[in-house]
Amino acid sequence: MDHCNVLIVGAGPVGTTLALELALQGVSFRIIDKSPARSENSRALVVHPRTQELLDRHGAVDKLIPRGSIARGAVMNINRKLVARVDLDDLDITDTKYPLPLMVSQAETEKFMEETLAKYGKAVERGYTATSIVQDANGVTTTLEKPDGTQITIRSKYVVGCDGAHSVVRHSAENLTFDGDAYPQDFILCDARLRNSNIARDRFTICLGDTGLLAFFPISPHADDNDDGLIRLIASGGHSATQQPSRPADSDSLPQQQQQHGEQSHEPPTLAHFQSLLDSFAPPGSGTVHSPVWLARFRLHHRGVNAYRSGRLFVAGDAAHIHSPAGGQGMNVGIQDAVNLGWKLGTVLKYRDRLTDEAKEALLDSYHAERYPVGKALLQGTDRMFSFMAAASPWVLKVRNAVLPWVVPWLVGVKWIRKRFYAFISGFGTTYSGNRGASVVVGTNTSSSSSSLLKKVRGGDRLPDGKVIELVPRLGRTGGRGGGTRAPDLLEEDERKETSLHRLCRGASWHLLLFSGTGTRDRDAVTVEGLTLAGERVLAVVKSECSLHCIFYHVAEDRIGSAGDGELQQVQQPATGENAVASYADPGGRVHGLLGLDNGSAGFVMVRPDGYVSHIGYLSSLQEFVKEWETKVGI
């Protein structure tokens with residue numbers, strides 16, 4: 001019998017992301033998949049901005065981006081006429097390195113993930129099918145079958161099902177249900193090339209007609225608008241949009257296996273049918289579709305699991321939620337499931353001798369507490385979008401096409417509406433702030449509840465990104481209370497080492513960010529020594545690894561004149577040697593402002609290993625945070 005801490009069943013993007021997270025945490029795992037080879041079909045196409053940020057915690061997303069195309073917006077046509085052009089690159093999203101979606105084949109995404117996993121010395125084990133999964137009080141016993149029929153048994157602490165809609169892990173759990181239903185209409189797909197086409201290659205194009213919809217999604221990079229780059233065409237709606245003329249309309253007569261969620265083997269669509277749809281739905285000049293690489297028919301369901309955890313079994317991605325492709329959310333939300341679960345399993349396994357049983361169980365339970373509401377909101381949101389946009393009912397289609405030409409131009413013309421919608425689609429708006437109490441790793445200091453601090457970032461929110469500059473100790477004038485040596489001016493421009501909050505907060509550990517504040521309040525706390533002492537009070541109660549970073553306000557670059565004008569506030573010389581604390585300058589207080597720490601007072605932000613804020617507050621309330629960590633968090 002083989003042994004490991006975690007067995008991952010399923011090696012798509014979700015399972016491989018979980019493998020990356022466990023490798024980062026340094027715990028033993030195995031990842032298996034029943035397929036003998038990775039699929040070369042494109043399947044999921046969109047890697048949304050928040051997913052790019054999370055994958056970049058492994059330091060390599062810049063190698064994925066050239067394999068696809070950046071989407072800068074969308075175009076909507078109704079009855080072959082332009083209704084709206086939506087731009088995404090004018091939303092003033094400045095707190096991230098990755099503000100826009102990446103259109104890239106899932107095959108390329110998986111290849112990139114496996115390459116990154118190999119850097120950790122790990123790999124997917126293919127050709128293994130899980131046939132039996134039985135858990136007990138101390139672990140899980142899983143029987144795997146090889147293609148030749150031989151079997152092996154693996155004993156693990158936990159098993160995670162990333163094995164899709166028909167998850168064997170979910171079926172092995174006694175108390176997990178998967179409630180929902182099937183959509184009445186089919187969904188057909190064609191990955192091909194367009195010749196002599198005016199379809200935009202830097203944005204999505206949606207064409208609505210009286211019988212359904214046809215959408216275009218660029219896949220591969222292209223040299224110019226006349227290049228025959230790979231593009232995806234998707235059609236859904238009424239019978240005439242998805243069925244060939246020879247196909248019978250009564251889908252209820254199909255065998256049960258042909259009504260299950262996923263790709264259907266019967267009657268794949270033809271290239272000629274897609275050309276007829278293009279001629280019927282798209283504006284004149286949309287071109288000729290040719291050289292298909294994938295033609296497929298899908299049956300779609302919308303279903304969600306009632307719990308993400310059953311004892312030592314967990315589910316993530318399509319094993320937990322399946323839905324329409326509206327918004328390109330499925331793979332992205334599944335990847336974010338895996339990131340959320342990975343560090344929690346890693347913490348429980350790495351620090352099992354330090355943590356109480358209650359603390360370990362509460363941390364693992366927080367996976368369901370945080371991700372179940374996200375999955376539920378996703379199902380509801382995509383179901384409403386898909387049911388309206390791809391309705392099968394002729395009268396709903398006519399109402400839709402009559403109303404949208406009036407409503408959509410107004411909606412896309414209001415910037416805050418676009419920003420709010422994009423926050424949902426991009427993943428930037430995903431927050432666990434509504435889970436205070438349900439999740440032990442989400443909290444906000446009570447003393448800050450009425451302050452402006454909570455208007456920008458709360459416990460459970462994504463950590464916004466912003467640039468800071470590493471401080472290198474130098475001699476400086478004395479000054480300030482106590483006559484201490486102040487920190488240096490910023491280095492000369494060609495000597496500066498610029499970094500960002502997200503780069504600081506990479507790795508397997510927690511990160512405690514301590515901010516000097518932008519004013520003169522709490523003067524005794526804005527020294528390196530003062531912030532370090534505050535950090536040590538926190539580190540004394542944290543049982544898992546935690547890194548400390550001190551960030552000091554610096555006047556804005558455009559206010560720097562003579563040498564004396566660009567000085568940091570009066571702070572002591574940063575420590576050097578083994579006791580050094582990482583210290584950074586925040587020019588103009590921009591990062592302070594992103595976090596709501598720009599009212600003058602010093603503050604702190606506790607950042608989880610997945611890049612979300614657990615606690616945030618002013619240093620004056622630090623003792624409350626320490627007490628809450630000791631009594632409620634316990635990790």
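The expected span of a helix is 1.5 Å times one less than its number of residues. The tour of this predicted model opens with a helix to which that rule can be applied.

**Stop 1: helix α10**

Select residues 415-426, which form helix α10. With 12 residues at 1.5 Å a residue, α10 should span 16 Å, and the end C-alpha atoms are indeed 16 Å apart, so expectation and model agree.

Next, colour α10 by accessibility. I417, R418, Y422, I425 and S426 are buried. These residues occupy an arc of only 150 degrees around the axis, which places them on the same side of α10. Rotate to the other side of α10, where W416 and R420 are exposed.

Which elements cover the buried residues of α10? Display α2, β6 (81-87) and α9 (394-413), which are among the parts that do so.

Finally, step to G427, which follows α10 and has a positive phi, near 95 degrees.

**Stop 2: two loop residues with positive phi**

From β6, one of the elements covering α10, move to the loop between β5 (73-78) and β6, where R80 is found. Phi of R80 is positive, near 70 degrees, although the residue is not glycine. Most residues other than glycine have a negative phi. R80 counts as partly exposed, at 35% relative accessibility.

Continue to the loop between β6 and β7 (102-103) and select D92. D92 is also a residue other than glycine with a positive phi, in this case near 60 degrees. Is D92 buried or exposed? Its relative accessibility is 54%, and because the threshold for exposed is over 50%, D92 counts as exposed.

**Stop 3: salt bridges across the sequence**

A search of the whole structure finds 33 salt bridges. The following selections show some of them.

Select R506 and D56, whose side chains meet in a salt bridge with an N to O distance of 2.9 Å. R506 lies in the loop between α11 (501-504) and β23 (510-515), and D56 in the loop between α2 (49-55) and β4 (69-70), so this pair ties together parts that are 450 residues apart in sequence. R506 is partly exposed, with a relative accessible area of 29%, whereas D56 counts as buried at 10%.

Now select E108 and R67, a salt bridge in which the closest N and O atoms are 3.7 Å apart. E108 belongs to helix α3 (residues 106-119) and R67 to the loop between α2 and β4; the pair therefore joins parts separated by 41 residues in sequence. E108 is partly exposed, with a relative accessible area of 28%, and R67 likewise counts as partly exposed, at 23%.

Then centre the view on R371 and D337. Their side chains form a salt bridge at 2.7 Å, N to O. R371 is in helix α8 (residues 357-389) and D337 in helix α7 (residues 330-350), so the salt bridge links parts that are 34 residues apart in sequence. Are R371 and D337 buried or exposed? Both are buried.

**Stop 4: a salt-bridge network**

To finish, show the side chains of D33, R38, E40, E114 and R126 together. A network of salt bridges links these residues. One of them, E114, falls within the range of helix α3 (residues 106-119), the helix that also holds E108 from the previous stop.

Key: Residues are numbered from 1 along each chain as its sequence is written. This is a predicted model: local features need pLDDT of at least 70, side-chain atom pairs count only at pLDDT 80 or more; totals for chains, interfaces and linings use all residues. Side-chain values use heavy atoms; hydrogens and water are left out. A salt bridge is a side-chain nitrogen of Lys or Arg within 4 Å of a carboxyl oxygen of Asp or Glu. Helices (H or I, at least four residues) and strands (E, at least two) are DSSP runs, numbered from the N terminus. Buried means under 20% relative accessible area, exposed over 50%, partly exposed in between (1.4 Å probe, protein chains only). The arc is that of the directions from the helix axis to the C-beta atoms. Contact means heavy atoms within 4.5 Å.
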